[in-house]
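Trainee: I would like to take a close look at a single part of this protein and then see what surrounds it. Could you walk me through it slowly?

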Amino acid sequence: MDVLVVGAGVAGMLSAIELQQRGCSVRLLDAGVARQPASWAGGGILSPLFPWRYPDAMTPLTLNARRDYGLWRDRILVAGGADPELLDGGMLVLEPGDDEQALLWAGRHDVRLEQISAARHMPWLADRPALWLPEIARIRNPRLLKGLERLRQRAGIELVRDQAVSIEQDFAGVRVLTSSGVVQAADKLLLTAGAWTAGLLPLPLRQSIFPVRGQMLLYRPTVPFPDTVLLSPAGYLIPRADGLLLAGSTVEPGIDDSIPTEQAWAQLKQMAEQLWPALQGVTPVAQWAGIRPGANRPLPLIGELPGSEGHIWINSGHFRNGLVCAPASAALVADLVCGLEPGMDPAPYSVSGSSSSPP
Ligand SMILES: Cc1cc2nc3c(=O)[nH]c(=O)nc-3n(C[C@H](O)[C@H](O)[C@H](O)COP(=O)(O)OP(=O)(O)OC[C@H]3O[C@@H](n4cnc5c(N)ncnc54)[C@H](O)[C@@H]3O)c2cc1C
């Protein structure tokens with residue numbers, strides 16, 4: 001079976017490799033620099049923020065991310081790629097305000113979670129209450145993408161740099177017209193174009209996925225930050241292995257340009273200094289923006305496009321959770337496209353379950 005995957009962010013890369021492993025002949029089509037992947041811009045926390053606030057069906061997509069990325073990391077290293085810095089270290093959630101819900105969620109899914117004083121990990125937070133999730137890991141996503149690109153090359157999966165513009169379908173398969181006027185034909189099509197997936201969907205489904213800009217600041221602190229993600233209702237701090245520190249992120253629905261703003265700079269700087277006063281007087285060394293694939297429901301869209309008779313498939317709409325969900329989502333959609341029994345119940349993510357109304 002010949003599958004064309006549109007979009008080479010983390011969703012497209014992992015889906016393409018998973019499909020090839022199931023015996024498909026796979027090509028990737030990606031718009032390149034014109035549409036910078038959110039997968040590059042993200043923070044790399046391998047957990048939803050406040051995971052207990054999602055429907056329970058989010059947990060099977062995220063719970064094994066640490067284990068799955070360990071396997072992808074090993075494959076990247078064996079292929080001679082750079083270490084994507086999969087780091088343990090946990091996540092400290094400052095004053096979430098819904099501890100009861102969090103504890104119930106942790107109990108249901110057998111997740112380690114403790115109510116502690118934040119000072120146990122970050123002394124300057126004194127005796128502020130916090131939740132501690134010691135099993136949460138993080139990954140350096142720009143390096144992960146480079147590593148996946150190496151795996152793609154090693155696997156011999158062709159990557160065409162072009163932008164899909166429209167899709168036609170008949171009994172034999174699908175044809176994708178690109179902005180350079182080329183027609184790419186395949187038996188099956190998988191849409192993994194992030195926030196831009198919406199533009200390739202039929203009209204009733206177009207509002208299911210929409211852009212949500214997120215901006216981030218990067219610090220080079222003068223003293224080391226603890227080896228732990230710090231999450232608060234206002235934002236988060238993520239330490240990298242080399243001492244860099246990310247502060248994120250804004251949530252700007254409907255904005256699809258990745259141009260950083262002064263307003264976000266000021267907002268994130270204030271948030272970061274409040275979370276860690278040692279940043280006062282330290283100027284961020286970089287700022288960037290990415291366009292998340294928002295969805296009109298709290299779960300991503302993974303499955304067949306209704307009415308496409310098995311020819312067109314979607315793996316998108318992961319919003320703030322596209323990195324943590326990517327390994328499980330890719331395995332699920334690859335099973336579905338290939339007609340294999342999936343390892344998890346696909347019903348909660350089905351595209352036909354997505355309403356066409358805005359959130
Ligand atoms: C600031 C920020 C922080 C984040 N932090 C986290 C985090 O800590 N943890 C987490 O799990 N998630 C996080 N996310 C969310 C995560 O980054 C996204 O959900 C995820 O990367 C989406 O991946 P994707 O592959 O679906 O889309 P993308 O990475 O956006 O990739 C889409 C690809 O499709 C291509 N494309 C688009 N249109 C076309 C077309 N018509 N034809 C061909 N190619 C096309 C683009 O060029 C792009 O390469 C964050 C996002 C942002 C912005």
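Trainee: In the open sheet of three strands, what is the order of the strands, and is the pairing parallel or antiparallel?

Mentor: Happy to help! Keep in mind that this is a predicted model. The three strands of that open sheet come in the order 7-8-9, and their pairing is antiparallel. Strand 7 (164-170) and strand 9 (183-186) are at the edges with a single partner strand each, so one side of each has no neighbour in the sheet. From one strand to the next, the twist averages 20°. As background, strands of a sheet pair through backbone hydrogen bonds, either parallel or antiparallel.

Let's look at one of those pairings. Six bridges link strand 7 with strand 8 in the antiparallel sense. You can find one of these pairs by going to isoleucine 167, whose bridge partner in strand 8 is valine 176.

Now move to arginine 175, which also lies in strand 8 (residues 173-178). How buried or exposed is arginine 175? It counts as partly exposed, because it has 16 C-beta neighbours inside 10 Å, whereas a residue needs 20 or more to be called buried. Leaving aside residues up to four places away in sequence, arginine 175 touches Glu168, Val183 and Ala185. Of these, Glu168 falls within strand 7 (164-170), while Val183 and Ala185 fall within strand 9 (183-186). You can also try a distance here: arginine 175 and leucine 189 are 14 residues apart in sequence, and their C-alpha atoms are 8.6 Å apart in space.

With that sheet in mind, let's follow some other strands. Strand 14 (residues 245-248) is covered on both faces: Leu245 and Ala247 on one side are buried, and so are Leu246 and Gly248 on the other. In general, the side chains of a regular strand alternate between the two faces of the sheet. Strand 14 pairs with strand 11 in the antiparallel sense over four bridges, and methionine 216 has glycine 248 of strand 14 as its bridge partner. Strand 14 is also joined by four bridges to strand 13 (residues 235-239), and these two run antiparallel. There, isoleucine 238 has leucine 246 as its bridge partner. Strand 13 and strand 14 form a hairpin with five residues between them, and glycine 243 in the turn has a positive phi of about 95°.

Stay with glycine 248 for a moment. A cis peptide bond joins it to serine 249, with omega about -15°. Serine 249 is in the loop between strand 14 and strand 15 (252-253).

Strand 3 (residues 91-94) lets you see both kinds of pairing. It runs antiparallel to strand 5, joined by four bridges, and leucine 94 stands opposite alanine 130 in strand 5. With strand 12 (residues 229-232), strand 3 pairs in the parallel sense over three bridges, and here valine 93 stands opposite leucine 231.

Two loop residues are worth a visit for their backbone angles. Phenylalanine 50 has a phi near 50°, a positive value in a residue other than glycine, and its place is in the loop between helix 2 and helix 3 (59-62). Alanine 126 also has a positive phi near 50° without being glycine, and it sits in the loop between strand 4 (114-117) and strand 5 (129-133). Phenylalanine 50 is partly exposed because 17 other C-beta atoms lie within 10 Å. Alanine 126 is exposed because it has 9 other C-beta atoms within 10 Å.

Let's finish with the helices and the ligand. Helix 1 and helix 8 pack at an angle of about 35°, their axes 8 Å apart, and the crossing is right-handed. Among the residues that meet are Val10, Ala11 and Leu14 from helix 1, and Gly322, Leu323 and Ala326 from helix 8. The residues of this contact divide into twelve nonpolar, three polar and one charged.

Both helices also help to surround the ligand: helix 1 (10-21) and helix 8 (322-337) are among the elements that each supply at least two residues of its shell, and strand 11 (209-219) is another. In total, 41 residues surround the ligand, and the closest are Gly7, Gly9, Gly42, Gly194 and Gly322. That shell divides into 19 nonpolar, 18 polar and four charged residues. Look again at Gly322: it is one of the residues of helix 8 that meet helix 1, and one of the closest to the ligand.

How values were computed
Residues numbered from 1 in each chain as written. Predicted model: local features only at pLDDT ≥ 70, side-chain atom pairs only at ≥ 80, totals over all residues. Near = placed C-beta within 6 Å. Nonpolar A, V, L, I, M, F, W, Y, C, P; charged D, E, K, R; others polar. Buried ≥ 20, exposed ≤ 12 C-beta atoms within 10 Å, placed from the backbone. Contact = placed C-beta atoms within 7 Å. Axes fitted to C-alpha atoms, helices over the stretch in contact; angles between N-to-C directions. Left-handed = near helix turned anticlockwise from the far one by under 90°. Pairing = 2+ DSSP bridges.
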